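Biologist: I would like to test some labels against their cut-offs. Please show me the model, and then I will ask.

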Amino acid sequence: VRVHDLPTPALLADVAALDHNLATMGARWPGRALRPHVKAFKCTALARRLAERGHDAFCAATIREIEGLAAAGLGADLLLANEVLDAGRLGGLDAHITVAVDSEATLDAAARAGVPAVLIDVNVGLPRCGCESAEAGRLADLARSRGLEVRGVMGYEGHLVGNPDRDARDDGLSTALTLLRRAWEDVGGPVCSGGGTGTWDQNSLVTELQAGSFVLMDTHYSRLGLPFQEGLSVLATVISGGTTRGRRYAVGNAGLKTLGMDHGNPTIDGAKVWFVSDEHVTFSPDDDADTPLAVTVGDRVRLRPAHIDPTISQHELLWLIDGDEVVDRWEIDLRGW
Ligand SMILES: Cc1ncc(COP(=O)(O)O)c(C=O)c1O
């Protein structure tokens, strides 16, 4: 099958970019030093590809992701790097599960569910989950008193990872990692988990990197100039208008329901994207480009998304491509909650 023959909209992954990204990340963070975050791609087939390279300890954001990984036989070491109160579903799974906790309530939920191990989640500057650094030791004592194994700490510097200024990321990290280091000293345990794609070569504290976006990247992350390649696109068919023969714009059949848009519009090589609506993308040739895009009804165009996670989670299938050839199809089987 050729890419042109796929039903559209279709989510495409470039195999060469994927393999390049896994090899690049794996050279710096081999084996379980990398804890790939499956929330970025929600696909057990891709998780298996990582496991085959030795990265068989995963990070997840939802209970559904943990359940799906366990059911796929990928449960060797799963971290739910998120706070949950309905942990009961985790109890009976065939997997070794650790959950993040940042309060007495989340810790109680883990203990009641029979989850064996926790990480104390520390707020390192992102106003989201995580306890205060100074509170971590007390929570660890409490967790141990409830019979939980405390493996260490986690702290995610999500307020820094997307900053395109490398020096600013470094500055922010020195504060963030001081908070995490202090907490780790109080908590103890072998694990310090954190980091992301944007700080992959700057986070000098963590024992395991929680990165996900690097697998296929997006235009937002590409602004950082990292050595990972953009391999994700949404294939659309031009269904109206056309940029040849004097038409001002063309309309593709991939809209908001196929894209994560919180980081902005998708891009199309050689074109200017005007706007995206529910089912459509409207664009015109970019006259500043070396080869402004010329398309007519029936042609295919590729949209490069600005944010990988919420783009992939809107699709049921990921088509693997090698040039113009479709080589495989993977189910996005970890969707839902
Ligand atoms: C808890 C946690 N760890 C790590 C990451 C890193 O992901 P990325 O590779 O997108 O930087 C995220 C992303 O949002 C996250 O929520």
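**Labels and their grounds**

Modeller: Start at the surface of this predicted model. Tyr-249, Trp-274 and Phe-275 make a nonpolar surface patch of about 300 Å².

Biologist: Why is Phe-275 called partly exposed?

Modeller: Phe-275 has a relative accessible area of 43%. Buried is under 20% and exposed is over 50%, so a value in between is called partly exposed. Phe-275 lies in strand 11, residues 271-276.

Biologist: What makes Asn-123 buried?

Modeller: Its relative accessible area is 19%. The cut-off for buried is under 20%, so the label holds. Asn-123 sits in the loop between strand 5 (117-121) and helix 5 (136-145). A polar atom of the Asn-123 side chain lies 2.7 Å from the backbone nitrogen of Gly-125. Beyond four places in sequence, Asn-123 touches Cys-129, Gly-130, Cys-131 and Leu-179.

Biologist: Which elements do the buried residues of helix 5 pack against?

Modeller: They pack against helix 4 (104-113), strand 5, strand 6 (149-155) and helix 6 (166-187). Among the buried residues of helix 5 are Leu-139 and Leu-142. Just after helix 5, Gly-147 takes a positive phi of about 85 degrees.

Biologist: How do you know that Glu-104 forms a salt bridge with Arg-146?

Modeller: Their closest N and O atoms are 3.8 Å apart. The limit is within 4 Å, so the pair qualifies. The pair links distant parts of the chain: Glu-104 is in helix 4, Arg-146 is in the loop between helix 5 and strand 6, and they are 42 residues apart.

Biologist: What makes Arg-304 and Asp-269 a salt bridge?

Modeller: The N to O distance is 3.0 Å. That falls within 4 Å, so the pair counts. Here too distant parts of the chain are linked, with the partners 35 residues apart.

Biologist: Why is Asp-269 called exposed, and Arg-304 partly exposed?

Modeller: Asp-269 has a relative accessible area of 54%. Exposed means over 50%, so Asp-269 gets that label. Arg-304 has 25%, so it falls between the cut-offs and is partly exposed.

Biologist: How do you know that Ser-213 makes a polar contact with the ligand?

Modeller: A polar side-chain atom of Ser-213 lies 2.5 Å from a ligand oxygen. The limit is within 3.5 Å, so this pair counts. The protein covers 92% of the 390 Å² of accessible area that the ligand has on its own. Lys-39 also places a polar side-chain atom 2.9 Å from an oxygen atom of the ligand.

Note on methods. Residues numbered from 1 in each chain as written. Predicted model: local features only at pLDDT ≥ 70, side-chain atom pairs only at ≥ 80, totals over all residues. Heavy atoms only, no water. Patch = residues over 30% accessible without salt bridge, like charges linked within 9 Å, V, L, I, M, F, W, Y side chains within 5 Å. Areas by Shrake-Rupley, 256 points an atom, 1.4 Å probe, with all protein chains shown as cover. Salt bridge = Lys/Arg side-chain N within 4 Å of Asp/Glu carboxyl O. Helix = DSSP H or I, 4+ residues; strand = E, 2+ residues; numbered from the N terminus. Buried < 20%, exposed > 50% of the residue type's maximum accessible area, 1.4 Å probe, protein only. Polar contact = N/O pair within 3.5 Å; in protein donor to acceptor, adjacent residues only side chain to side chain. Contact = heavy atoms within 4.5 Å.
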